[in-house]
Amino acid sequence: MTSFLTRIGGTVRSLVVLTGGMFLLLMKILRSFVPMACDSRETWRAFYKVGVKGFPIVVLTALFTGAIMVLQSGHYVARTGATSLLGWAAGFAVFAEIGPILIGLMFSGRVGANNTAELGTMVVTEQVDALRSLAIEPTAYLVAPRFLAMTLMLFLLTAMGDLFALVGGAATAKVMLDVPVGIFFQQVVDAQLLDEYWLGLLKGMVFGMSIAVVSCYFGLRASGGAAGVGRAVNASVVAAAISIFVTDYVVALLWGAM
Amino acid sequence: MSQAIAQWMDSMVRLGRLFRQTFTSVLKGSLRRRRSQLIVQMYEIGNKSVLFITATLSILGMISVFQVLKQVEKIVPDFSMIGPAFIQMMIREFGPTITGLMIATRVGSGIAAEVGSMVVTEQVDALRMSNAKPVDYLVAPRFVACGIQTMMLSIYGVVVGVIAGSITAYVFWNISFGMFLRFDLVQWGDVVSGLLKALAYGFTIPIVASQAGLETKGGSEGVGAATTRAVVNASFAVVILDLLLSGFSYLVLYG
């Protein structure tokens, strides 16, 4: 019995340490913007790397997401003949919910995991210690640029992704359900989804922030050589997935309350 | 561009080869002598993912119901079909697919990290030297364990998501459980389609992840890169399979 309680206590304790550590890291990142201590060349490099690395995977995911949602609503459309449902399904579900979540998860796999691997390698090969010994603060030099880049880029990539999701949806509607492309886009416009569109972009931005904090946290805490880097990446993507769902819930609730 | 396509084709060929090797290894009964290894992997892949799946799928259920009801409230204040439609979508699409993505994230990266660090520390070479095939020893147990456990976790994920959704509907809109938890719309096609997806994800993820792990080069940098590749490729495989199987079930299972 006591060992069981000890285990639960241990789990809760490590969870608290984890969230506390991430929160402190976030505070440290925000602190490095006032006064601006964030290295500008490193920031541009991070923008380029995150944006370019994330772009193909986000476009492909979005295309598939739009296609899948149209296919899934196809059953109802075929049964009732209500093509207006298509615009709603492709627009509402993709813009507000499934689009940001799938794009966020893929982005976390591509960019977040890559970031953890990179930082983890720097930590286990003592490059971060070298930075410190040169009086360069690792948070301002390494973490803050990535935070900025992921926040901004996931926002922009979600906007791009929404467009490609509609393209994928339109193509599927044409091929599988024989709905003309013009009518499909008319339905999307008629569904009046501007609010959902903004909600999706907001979600993208918040996901970018949480992926950045989580992936940097686990990267900076990697230890124990090659195996340690692998373990850090594993823990990082799991935590990033959970944080995506949790922040999604919080954003949806706050948005609903407004 | 053509180089990228050639590379992609090449990696697909290698993936196919690893799949064939693993499949023949399982058929030849390589697991009969490694039953304990299989149990260990099933525990690692299945039991240790339960908490993760519970957290993510319950939140997914809550958000979906919350947002759909918020939207429906504006158009038609008729909530009677929301529950059945939500349950149908969960069984057919979101339950298996989101579970699959979560398994790809957790298990895929775990397999790649583990196998990758074995490669860079030359443990895989040591296996080869002692005439034990890495496929028999490392890939086959994970392949079977992940296949079985993804199926189980998908079913569990659907249940968790539906329960969380019905609680949300009750708390925020006062929709009774009796009205929400109806299975009117669920057909056999939905169940078959969902289970087919879970099966496909379960057997694809370990192969994709093992492939990334076995091709690890270099030191800690290589392991990091392999783990990243495993997560991306496995999640992307899930999305592609989802599209293919959705199309298949739309055309075949429902006629």
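**Exercise 1. Gly224 of chain A**

Task: Decide whether Gly224(A) is buried, partly exposed or exposed, and say where Gly224(A) lies.

Solution, step by step:
- Start with the neighbour count: Gly224(A) has 13 other C-beta atoms within 10 Å.
- A residue is buried at 20 or more such atoms and exposed at 12 or fewer, so Gly224(A) is partly exposed. Please keep in mind that this is a predicted model.
- Next, place the residue: Gly224(A) sits in the loop between α7 (194-220) and α8 (225-257) of chain A.
- Finally, compare sequence and space: Gly224(A) is 99 residues from Thr125(A) in sequence, while their C-alpha atoms are 9.9 Å apart.

**Exercise 2. Two loop residues with positive phi**

Task: For Glu126(A) and Asp178(A), find the phi angle, the loop and the exposure class.

Solution, step by step:
- Take Glu126(A) to begin with. Its phi is near 65°, a positive value in a residue other than glycine.
- Glu126(A) belongs to the loop between α3 and α4 (127-133) of chain A.
- Because 11 other C-beta atoms lie within 10 Å, Glu126(A) is exposed.
- Now turn to Asp178(A), which is not a glycine either and has a positive phi of about 60°.
- The loop that holds Asp178(A) runs between α5 (138-177) and α6 (181-190) of chain A.
- Asp178(A) has 7 C-beta neighbours inside 10 Å, so Asp178(A) counts as exposed.

**Exercise 3. The overall build of each chain**

Task: Describe chain A and then chain B by secondary structure, extent and burial.

Solution, step by step:
- Count the elements of chain A: there are 8 helices and 0 strands.
- The C-alpha trace of chain A spans about 65 × 55 × 40 Å along its principal axes.
- Of the 258 residues in chain A, 51% are buried.
- Look at the contacts of chain A between residues at least 6 apart in sequence: 86% of them join residues at least 24 apart.
- Repeat this for chain B, which has 9 helices and 0 strands.
- Along its principal axes, the C-alpha trace of chain B spans about 70 × 45 × 35 Å.
- Chain B has 255 residues, and 52% of them count as buried.
- In chain B, residues 24 or more positions apart make up 88% of the contacts with a separation of 6 or more.

**Exercise 4. Helix α1 of chain B**

Task: Check the span of α1(B), work out whether α1(B) lies in the open, and describe how α1(B) packs on α6(B).

Solution, step by step:
- Helix α1(B) covers residues 2-27, which is 26 residues; at 1.5 Å a residue it should span 38 Å. The C-alpha atoms at its ends are 37 Å apart, which agrees.
- Of those 26 residues, the number buried is 2, so α1(B) lies largely in the open.
- Just after α1(B) comes Gly29(B), with a positive phi of about 85°.
- For the packing, the partner is helix α6 (residues 134-173) of chain B: the angle is about 85° and the axes are 9 Å apart. That makes α1(B) roughly perpendicular to α6(B).
- On the α1(B) side, the contact is made by Gln21(B), Thr22(B), Ser25(B) and Val26(B). Residues on the α6(B) side include Val135(B), Asp136(B) and Phe143(B).
- Sorted by class, the residues of this contact are 6 nonpolar, 3 polar and 1 charged.

**Exercise 5. Where the chains meet, and the nonpolar core**

Task: Find which elements of chain B touch chain A, and which residues touch the most other members of the largest nonpolar core.

Solution, step by step:
- Begin with the totals: 44 residues of chain B are in contact with 43 residues of chain A.
- On the chain B side, the elements that give two or more residues are α3 (50-75), α4 (82-120) and α9 (220-253).
- α9(B) gives the most, with 17 residues.
- By class, this side of chain B has 21 nonpolar, 18 polar and 5 charged residues.
- Move on to the largest nonpolar core, which has 154 residues: Met150(A), Ile205(B), Ala230(B) and Ala234(B) touch the most other members.
- Helix α3 (residues 84-124) of chain A supplies the largest share of this core, 22 residues.
- Close with Ala230(B): leaving out residues up to four places away in sequence, the residues it touches include Gly108(B), Ala112(B), Val208(B) and Gly213(B).

Note on methods. Residues numbered from 1 in each chain as written. Chains lettered and ligands numbered in written order. Predicted model: local features only at pLDDT ≥ 70, side-chain atom pairs only at ≥ 80, totals over all residues. Contact = placed C-beta atoms within 7 Å. Helix = DSSP H or I, 4+ residues; strand = E, 2+ residues; numbered from the N terminus. Nonpolar A, V, L, I, M, F, W, Y, C, P; charged D, E, K, R; others polar. Expected span 1.5 Å × (residues − 1). Core = buried A, V, L, I, M, F, W, Y, C linked by C-beta atoms within 7 Å. Axes fitted to C-alpha atoms, helices over the stretch in contact; angles between N-to-C directions. Parallel < 35°, antiparallel > 145°, perpendicular 65-115°, else oblique.
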